[in-house]
Amino acid sequence: MSDRSLRLTVLGSATPFPRPGNACSGYLVEGGGVRLWVDAGTGTLAELQRHVAVGDIDAVWISHLHADHSADLLTYFYALLYAGLEPDLPVRLIGPVGIGDRLARFLTGGSERSPVERAFGVEELCDGHVARVGGLTLTSRAVEHGPPAFALRVEDEDGRSLVYSGDCEPCPSLVELARDCDLFLCEADGEGPGHHSAAQAGGTATAAGVGRLVLTHVGSTPPAPGGGGRRAAERVAARAVDRALAEAGLTYAGEVAHADPGLRFDVGADSPADPLPRTVPDVLFVSPPGSATGSPTRAPYEPGAESRSGSGSGFRAEICPGGWSDVR
């Protein structure tokens, strides 16, 4: 990859727990001479090592502190300090308020605080936070999920841009952040407080005028107990993805793809996503013959409308004072 390219690689997109061949939410962003690990859901540290060495990550950005987006920070801590890798420490860790203390408490399980700062240079997010990592500019906006949660815009020095929704329901701040981006990675876990449906993801993409839409974190209903085991689960997951792609296509006229584990997207390029060589077969998202696609019954997000959580969501972040930091 050229240092002047901007690339997104899917490490995992499963929700709410990892599946065979698909870790939870995690993405590798490369560009501007740096490598950025975006969300560290369960299983993503192993997948990350298919592409880069553990010690070669320049920064980590975490959208929120639910385990399916952050749990692998715990094993990453041990890899950085105790595996004899001699990485350049501390690794910059950008995440919601309290992320350092959350790690410290979990690692000790008692009153003594774990020295997380030996491994991580912790930087806490607030609405409007802007950071520079190498040749990339990272802009974060608070979004509606329940706990403090953020969406991310990554832009390189040539103006190429990608936006990641994190987990959130449709909200004006996400539309503003995603405005005219080249690639929009949006969760589609299902309609309800704190999440987008696939149709709503398409509506947000349309409202923001994005170039390409990639659905991730697609929710599915597990098969009934005793209903066929792993193969049945794979078929259910495949049908869920098929339905999500169809629903998003009814509210967004551009290209829609799914964040299959192992896919990489060259941001701003017209070429389709490239599959990467894998040592684990990609079986979760192969559509069975004759699989049905559903039709959406949900209304897409209308820009300017109030989010469903309204004033009672329990979280309203304030704009960062200054909100800028710059390290390579």
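# A walk through the cores, turns and cysteines

Let's start with a cysteine: Cys168 counts as buried, because its relative accessibility is 0% and the cut-off for buried is under 20%. Keep in mind as we go that this is a predicted model. Cys24 goes in the buried group too, because its relative accessibility is 1%. As for bonding, the structure holds zero disulfides. The cysteine sulfur nearest to that of Cys168 belongs to Cys171 and sits 4.6 Å away, so the pair misses the disulfide cut-off of 2.5 Å, and Cys168 is in no disulfide.

Now step back to the whole chain. There are 328 residues, and 53% of them count as buried. DSSP runs give seven helices and 17 strands. If you take the contacts with a separation of 6 or more, 64% of them join residues 24 or more positions apart.

What about the inside? In soluble globular proteins, nonpolar side chains tend to be buried together. Here the largest nonpolar core has 30 residues, and the members that touch the most others are Val29, Leu36, Trp61 and Val154. Pick Val154 and look around it. Beyond its neighbours within four places in sequence, Val154 is in contact with two of those well-connected core members, Val29 and Leu36. Its other contacts are Leu6, the run Leu136, Thr137 and Leu138, and then Arg160, Ser161 and Leu162. There's also a second, separate core, this one of 28 residues, with Leu48, Leu74, Leu93 and Leu107 among them.

Leu74 and Leu107 turn up again where two helices meet. Helix α3 covers residues 73–82 and α4 covers residues 99–108. Their axes are 10 Å apart and cross at about 75°, which means that α3 is roughly perpendicular to α4. On the α3 side, the contact is made by Leu73, Leu74, Phe77 and Tyr78, while α4 brings Ile99, Leu103, Phe106 and Leu107. Sort these residues by type and you get eight nonpolar, no polar and no charged.

Follow the chain out of α3 and you come to the loop that leads to β6 (91–95). Two backbone features are worth a look here. One is at Glu86, in this loop, which has a positive phi of about 55° although it isn't a glycine. Is Glu86 buried or exposed? It is exposed, because its relative accessible area of 74% is over the 50% cut-off. The other feature is at Pro90, also in the loop between α3 and β6: the peptide bond that joins Leu89 to Pro90 is cis, with omega near -5°.

Each of these features has a counterpart elsewhere in the chain. For the cis bond, go to Thr15 and Pro16, where the peptide bond is cis as well, again with omega near -5°. Pro16 belongs to the loop between β1 (7–14) and β2 (23–24). For the positive phi, go to Asp180, a residue other than glycine whose phi is near 60°. Asp180 sits in the loop between α5 (172–178) and β12 (183–187). Asp180 is also exposed, because its relative accessible area is 54%.

Definitions and conventions
Residues numbered from 1 in each chain as written. Predicted model: local features only at pLDDT ≥ 70, side-chain atom pairs only at ≥ 80, totals over all residues. Heavy atoms only, no water. Core = buried A, V, L, I, M, F, W, Y, C linked by side-chain atoms within 4.5 Å. Buried < 20%, exposed > 50% of the residue type's maximum accessible area, 1.4 Å probe, protein only. Contact = heavy atoms within 4.5 Å. Helix = DSSP H or I, 4+ residues; strand = E, 2+ residues; numbered from the N terminus. Axes fitted to C-alpha atoms, helices over the stretch in contact; angles between N-to-C directions. Parallel < 35°, antiparallel > 145°, perpendicular 65-115°, else oblique. Nonpolar A, V, L, I, M, F, W, Y, C, P; charged D, E, K, R; others polar.
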